[in-house]
Amino acid sequence: MARVICTALLASLLVAGAPAWAAAPVEYRLSFPAPEHHWMQVEVRVPEVGAGPVDLRMSRTSPGRYALHEFAKNVYDVRAFDANDREIPVVQPDPFGWRVERHGGVVRVEYKVFGDRVDGTYLAVDPTHAHINMPAALMFARGLDDRGAILTFTPPAGRETWQVATQLLPGRHRLEFTAPNLQYLMDSPVEFGPVALQTFVLDGRTFRFAAHHDGTGAELDSFVRDVREIVAEQRTIFGEYPAYDSGHYTFLADYLPYASGDGMEHRNSTVISAAGSIRQDRGRLLGTVAHEFFHNWNVERIRPRALEPFDFEAPNMSGELWLAEGFTQYYGPLTLSRAGLADLSTTAATLAGLISTVALNPARLVRGADAMSRMAVFTDGGRPIDPTNWSTTYISYYPYGAAIALALDLTLRERFDGRVTLDDFMRAMWRTYGKPGGSRVGYVDRPYTLADAERSLAEVTGSPAFAAEFFARYVTGHEAADYERLLAPAGLLLRRRQPGAAWIGDVRFASGTSGLRVDSATVPGSPLYDAGIDRGDEVVELAGRPVADARALAAVVSAAGPGDRLQATIADRAGTTRRVTLTLAGDPSVELVAVEEAGGRLTEAQRTFRRRWLGSQR
Ligand SMILES: [Zn+2]
């Protein structure tokens, strides 16, 4: 059962104590004089800086994000002061930082930073709370990565009851916190507001669920009971919880109408935000909880070498995100099933979605899973304003990696008759790369490479040949597994969703000037692509009928069959029309159904396979 902790008890839970600093810590004071205008006042004091120039930088990245975000863009009103508190000049040598000279050994800088987006990456300040992702908010002194930090929070006027939820370490009073170094500081988001906190203990570890939401206490209570089931179920995969540096693991959940949907993992906490509510979006919200909590092993401690340590001035490019993110994406829905929080048809629909995204998309032939992972530095951020053809050349490493995880799990179960599973692989990765931990808080001493992951697979299967072949075909290669065959032992039938239905290709349409405009790149192998049609072309007429909207087009296509040849009038972006012939294909979309739902009989062996895979491991 989740235990409700009242506000007054929160402070007493924290073990206060001054850390022994190796060098004078950097001090941050965060205040909110006008929260309705969405800016935060920051004061940063850097003592013992010697005589040379001091560079204060805004991060260009954020732990767990793989693209550049340029947080310096929201910083303004920067002022600097010397050791005698006299204002001194500050210059901006490049777009991302500020330089101070002749400071007398101590630098104090004040600035404002704007933020109005509630998610795992940015800063959000408003009268209801301050939701702070540190890289979006704090300047750091270049070269002082090993300095500790002390943070003091001052609430807006009239909001003195606000409290801080964070993985930062407690300081001398309830609004003071510390971080042992820059890596840990940047990895420690804060929710400062009217936080409802619940806590539960499992296997000697304390888990805290800090929610900012507009539901009732009873709703949160029942939600946290399900969170507890997820946390308990995932322990079985690794055999133990990590040792949490802060003494506990904290979920920072913002379920608010003005939040953006996101989940962001950190060492001892996660930020989960959604525009939904516990009442209406429970399944989806629990899915994010399951994904993010799995990260406290996979990525936070079982960490790709390319992500360690995190670089705040340049992107970390990793070819392992198919494993770090994709395998996590697989274990989200698997955990919900095992914890009894998702039924078979829901789980099957999720798996079918992963399979279609990877197996039916020819983008796979352009890049393997490792190369797709390296694309994250471009795709894991805002959309570029110039068009891309990623819809035909890129598959996100999330579903790509999840589909690989599904294929590997099913292959292992079949090949070793259930004695070796993907759980064994994850546990081997944990023991070798995650569990050894870090000699400094916030660091991982034994990050892994692609070759290390292959070696772990060889170890758990006892077959280097199997591991090498699997990686060559499905990770660095371009093959999709035979999911229909792999799912059969679980009594799951992968089949065409609409056998006999005609298809012209999956594209986005928009209304055009003379017909229906193709609004995304067409996919190689689809009838539209093969007829020479691409983004910007307009379908004016199909099979002699005018095509004004997507519904009219769908009606013409559905009246025909695969293999039918339809004449079309196409207007290009310059307005010139041409006649083409579209040869319709069969709708390739698939669904995954239980054999017993499809009129078949579930055998005893299938029932056992399914229970061992999708049932609770406790
Ligand atoms: Zn993730």
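These questions and answers cover Arg-147, helix 12 and the domains of a predicted model.

Colleague: Where is Arg-147 placed?
Modeller: Two strands frame the site. Strand 12 covers 139–141 and strand 13 covers 149–154. Arg-147 sits in the loop between strand 12 and strand 13.

Colleague: Which side chain of opposite charge is nearest to Arg-147, and how far away is it?
Modeller: Arg-147 is buried, yet it has no salt bridge. A salt bridge needs a nitrogen–oxygen pair within 4 Å. The nearest side chain of opposite charge belongs to Glu-48, at 4.8 Å.

Colleague: Which backbone oxygens lie by the side chain of Arg-147?
Modeller: Among the residues that Arg-147 touches are Val-46, Pro-47, Glu-48 and Val-49. One backbone oxygen, 2.5 Å from a polar atom of the Arg-147 side chain, is that of Glu-48. Another, reached at 2.8 Å, is that of Pro-47.

Colleague: How many residues of helix 12 are buried?
Modeller: Helix 12 spans residues 422–434 and is mostly covered. Its buried residues include Phe-425, Met-429, Trp-430 and Tyr-433. They pack against helices 4, 5, 6, 11 and 13. The buried count is ten of 13.

Colleague: Which backbone nitrogen does the side chain of Thr-421 reach at the start of helix 12?
Modeller: The reaching atom is a side-chain oxygen of Thr-421. It comes to within 3.1 Å of its partner. That partner is the backbone nitrogen of Asp-423.

Colleague: How far apart are the C-alpha centres of domain 1 and domain 3?
Modeller: Domain 1 covers 26–193 and domain 3 covers 502–586. Domain 2, at 317–483, is also assigned. The C-alpha centres of domain 1 and domain 3 are separated by 53 Å.

Conventions. Residues are numbered from 1 along each chain as its sequence is written. This is a predicted model: local features need pLDDT of at least 70, side-chain atom pairs count only at pLDDT 80 or more; totals for chains, interfaces and linings use all residues. Side-chain values use heavy atoms; hydrogens and water are left out. Helices (H or I, at least four residues) and strands (E, at least two) are DSSP runs, numbered from the N terminus. Buried means under 20% relative accessible area, exposed over 50%, partly exposed in between (1.4 Å probe, protein chains only). Lys and Arg count as positive and Asp and Glu as negative; His and the chain ends are not counted. A polar contact is a pair of N or O atoms within 3.5 Å; within protein, one must be able to donate a hydrogen and the other to accept it, and residues adjacent in sequence count only if both atoms are side-chain atoms. Contact means heavy atoms within 4.5 Å. Domain bounds come from an automatic or database domain assignment. Lists of a residue's contacts leave out its neighbours within four places in sequence.
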